Amino acid sequence: MAILEHSIPHTQHPTIRALLHHRQALALAALGECGPCRRALTAAKKVLQVPSCDPAPAWCSWMGITNLVTDSGRCLADLGQRRRAHQLMDKGIACSRPPAPRRALFLTYPAETYLHDGENETATRSLGPTDRINAAPVRHGGP
């Protein structure tokens, strides 16, 4: 976590900075740190609204508001706020453009939450469309 806290203020490009805040939020959610997680998500959202003359580097060009909304839901799920988590995940999934591999990855987030809650049938239904998308993140579990 210390490396993120050091890196964020020294990062100039808004997309990269948003990505760092985003990763910080995911880590804080996993640690159960609700307040700091929410602050990191808010910071990511604010910095995504900052215009830049330079395009985002290719390695982080996927980072945008849709990803942030969906991962905000993922954070809230980790924090035990399931109802709001599913609302945000559903909103992010609805805003993503199929057949983008990220959309397929997003579909795994609510499924994971449903499995955690013992709702196996709901989890299976929520994953239905991913088997039609041949994307490495879906096959291998990561971006």
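**Exercise 1. Get an overview of the chain: work out how much is buried, and which elements build it.**

Step 1. Start with burial: of the 143 residues in the chain, 43% are buried. Keep in mind that you're looking at a predicted model.

Step 2. Now go for the secondary structure. There are eight helices and zero strands, so the pattern along the sequence reads α-α-α-α-α-α-α-α.

Step 3. Look at the outside too. About 8,300 Å² of the chain is exposed, and 55% of that comes from carbon and sulfur atoms.

Step 4. Finish with contacts. Take those with a separation of 6 or more: 53% of them join residues 24 or more positions apart.

**Exercise 2. Decide which parts of the model you can read with confidence.**

Step 1. Check the average: the pLDDT of the chain has a mean of 84, and 85% of the residues score at least 70.

Step 2. Find the extremes. Helix α3 has the highest confidence, at 96, while helix α8 (residues 136-140) has the lowest, with a mean of 48.

Step 3. Zoom in on the weak spot. The pLDDT stays below 50 over residues 137-143, although this stretch has twelve contacts in the model beyond near neighbours in sequence. Where pLDDT is low, don't read the predicted coordinates in detail.

**Exercise 3. Describe helix α2 and its part in the nonpolar core.**

Step 1. Get its length. Helix α2 covers residues 14-30, 17 residues in all, and spans 24 Å from first C-alpha to last, close to the expected 24 Å.

Step 2. See how covered it is: 13 of the 17 residues in α2 are buried.

Step 3. Look just past the helix. Gly32 follows α2 and has a positive phi, near 80°.

Step 4. Turn to the core. The largest nonpolar core contains 31 residues, and Ala25, Cys37, Leu41 and Cys75 have the most contacts inside it. Helices α2, α3, α4, α5 and α6 each put in at least two residues, with α2 giving the most, eight. Nonpolar side chains tend to be buried together in soluble globular proteins.

Step 5. Pick one core residue and list its partners. Leaving out residues up to four places away in sequence, Cys37 touches Ala25, Leu28, Ala29, Cys75 and Leu79.

**Exercise 4. Find the salt bridges and compare where their partners sit.**

Step 1. Count them: the whole structure has two salt bridges.

Step 2. Take the pair Arg74 and Asp71, whose side chains meet at 4.0 Å, N to O. These two residues are about one helical turn apart, because they are three residues apart in helix α4.

Step 3. Check the burial of this pair, using under 20% relative accessible area for buried. Asp71 is buried, at 2%, whereas Arg74 is partly exposed, at 29%.

Step 4. Now the other pair: Asp117 and Arg82, with their closest N and O atoms 3.0 Å apart. This bridge links distant parts of the chain, as Asp117 lies in the loop between α6 and α7, Arg82 lies in helix α5, and 35 residues separate them. Asp117 is partly exposed, with a relative accessible area of 36%.

**Exercise 5. Is Ser72 buried or exposed, and which residues does Ser72 contact?**

Step 1. Place it: Ser72 belongs to helix α4 (residues 65-78).

Step 2. Apply the cut-off. The relative accessibility of Ser72 is 11%, so Ser72 counts as buried.

Step 3. Name the contacts. Setting aside neighbours within four places in sequence, Ser72 contacts Leu41 and Leu88. You've met Leu41 before, among the core residues with the most contacts.

Note on methods:
Residues are numbered from 1 along each chain as its sequence is written. Side-chain values use heavy atoms; hydrogens and water are left out. Helices (H or I, at least four residues) and strands (E, at least two) are DSSP runs, numbered from the N terminus. The expected span of a helix is 1.5 Å times one less than its number of residues. Buried means under 20% relative accessible area, exposed over 50%, partly exposed in between (1.4 Å probe, protein chains only). Contact means heavy atoms within 4.5 Å. A nonpolar core is a set of buried Ala, Val, Leu, Ile, Met, Phe, Trp, Tyr and Cys residues joined through side-chain atoms within 4.5 Å. Accessible areas come from the Shrake-Rupley method with a 1.4 Å probe; for residues, only the protein chains shown count as cover. pLDDT is the predictor's confidence in each residue, from 0 to 100.
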